[in-house]
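Subject: Structure handover

Hello,

The structure we discussed is below. My notes on the metal sites follow it.

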Amino acid sequence: MDIDELKARVSSQIDARRHQLNELSLRIHSNPELGFQENKAVAWLTQYLEENGFSIERGICELPTAFRGSYRKGKPAIAILAEYDALPKLGHACGHNLIAASAVGAGVASKLAIDRFGGSILVIGTPAEEVEGGKAIMAQRGGFDNLDIAMMVHPGVLDTAATQALACQALEAEFFGKAAHSAARPEAGINALEAMLQSFIAINSLRQHIRDKARIHGIITDGGEAANIVPAHSAGVFLVRAKNNIYLDELKQKVINCFIGAATASGARLEYRWGDVSYAPMRSNLTLARLFRRNMQSLGRKVRLTDPSSGFGSTDMGNVSQLVPSIHPEVAIAPKEVSTHSPQFASAAASEAGSQGLFDAAKALAMTVVDLVASPEIVTKIKEEFRQGK
Ligand SMILES: [Zn+2]
Ligand SMILES: [Zn+2]
């Protein structure tokens, strides 16, 4: 059987499972679970894999909603990563239900390629992508050791094979002032809200002079109790992002200086805490991305390697990409003007276009597995690119 014939067979495996995969995706969509609470999704996904010949390890990396499904016949070890967490209030507005269903669909269809050429296919369930960075924690705990390749497909509004993602770290900042009557004794108060506002102003000034693609943004989570009380406490949550970890560290110090300046000016005391987990920038392996693109194009999608017009956030897949040659392509499921993390995108994740994205992503992933197990020289080239980029 030649490679094209095998690709056609893995594709038809996905077609044969369209109904099951779509049902799985919609079930996860209508039962949204926040990060580290994805118990139902994990139960359904692992059950599906188990019924289809995968051996399952649950609770890997000491995370109850992380899992590994394996179908092993030697090397190379290729992982397809699943995400399944939802967003507060918005539900599956990032379409992780489609990521989950495409990952298990691709994993099961890839068994044909493994049976023919050898190799191992692993479907790794990675919880809490949105805020807690599940993959970053798993990476620290060896969850991606002994892998040769890692892939996943994220729904979006463009078809791109090598998406960008920024390094990112969260910051919590608090100011402690002194309450007083705002009219009768304003001179007795220390205004913690003003300190927070000054911090925003300083950050806005800083923003004019930061490097391209760096981002600083935040919200105020406590701005005081009542208009006639000088706010004794204020709190905010911020995200600082940059193209690489070196500039991220530089920028973090500049951001903290904004808060220190505001503390000095207002007399309020500053306390801050950086998030435990930082998201690493995405290193897309271009050799792997080109393979994926060719397979996605064979399904009738126009896929760009990278799209300069595409927006970019951060993903914990970035942390995986620092350890293992990886791709994080995007499959379009909504018009370009729709933003992820919006109610419109949540609807798209349960739409017909969403299902089509799921099937195409699963097929392109499984066809890429065919390329990888059939051609050891391609895997060598992918690893060589990874080493050189280090
Ligand atoms: Zn997402
Ligand atoms: Zn998201």
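Cys94 is buried, at 8% relative accessible area. Please keep in mind that this is a predicted model.

Cys94 bridges two zinc ions, ligand 1 and ligand 2, which lie 3.1 Å apart.

The zinc ion (ligand 1) takes its donors from Cys94 (SG), His96 (NE2) and His154 (NE2), at 2.0 to 2.3 Å. Along the sequence these donor residues follow the spacing C-x1-H-x57-H. Cys94 sits in the loop between β3 and α4, while His154 belongs to strand β6 (residues 154-156), so this pair ties together parts that are 60 residues apart in sequence. His154 is buried, with a relative accessible area of 9%.

The zinc ion (ligand 2) is coordinated by Cys94 (SG), by Glu130 through two OE entries, and by His341 (NE2), at 2.1 to 2.6 Å. The spacing of the donor residues here is C-x35-E-x210-H. Cys94 is in the loop between β3 (77-82) and α4 (96-117) and His341 in the loop between β12 (330-332) and α10 (343-348), so the pair links parts that are 247 residues apart in sequence. His341 counts as partly exposed, at 38% relative accessibility.

What is the arrangement of the 4 donor atoms around the zinc ion (ligand 2)? The arrangement is irregular, because the donor atoms subtend angles of 54 to 148 degrees. To count as tetrahedral, four donors need all angles between 85 and 135 degrees.

Regards

Note on methods:
Residues are numbered from 1 along each chain as its sequence is written. Chains are lettered from A and ligands numbered from 1 in the order in which they are written. This is a predicted model: local features need pLDDT of at least 70, side-chain atom pairs count only at pLDDT 80 or more; totals for chains, interfaces and linings use all residues. Side-chain values use heavy atoms; hydrogens and water are left out. Donors are N, O and S atoms within 2.8 Å of the metal (3.2 Å for Na, K and Ca); water is not among the atoms, so sites may look incomplete. Four donors count as tetrahedral if all angles lie between 85 and 135 degrees; four count as square planar and six as octahedral if opposite donors are over 155 degrees apart and all others between 65 and 115; anything else is irregular. Helices (H or I, at least four residues) and strands (E, at least two) are DSSP runs, numbered from the N terminus. Buried means under 20% relative accessible area, exposed over 50%, partly exposed in between (1.4 Å probe, protein chains only).
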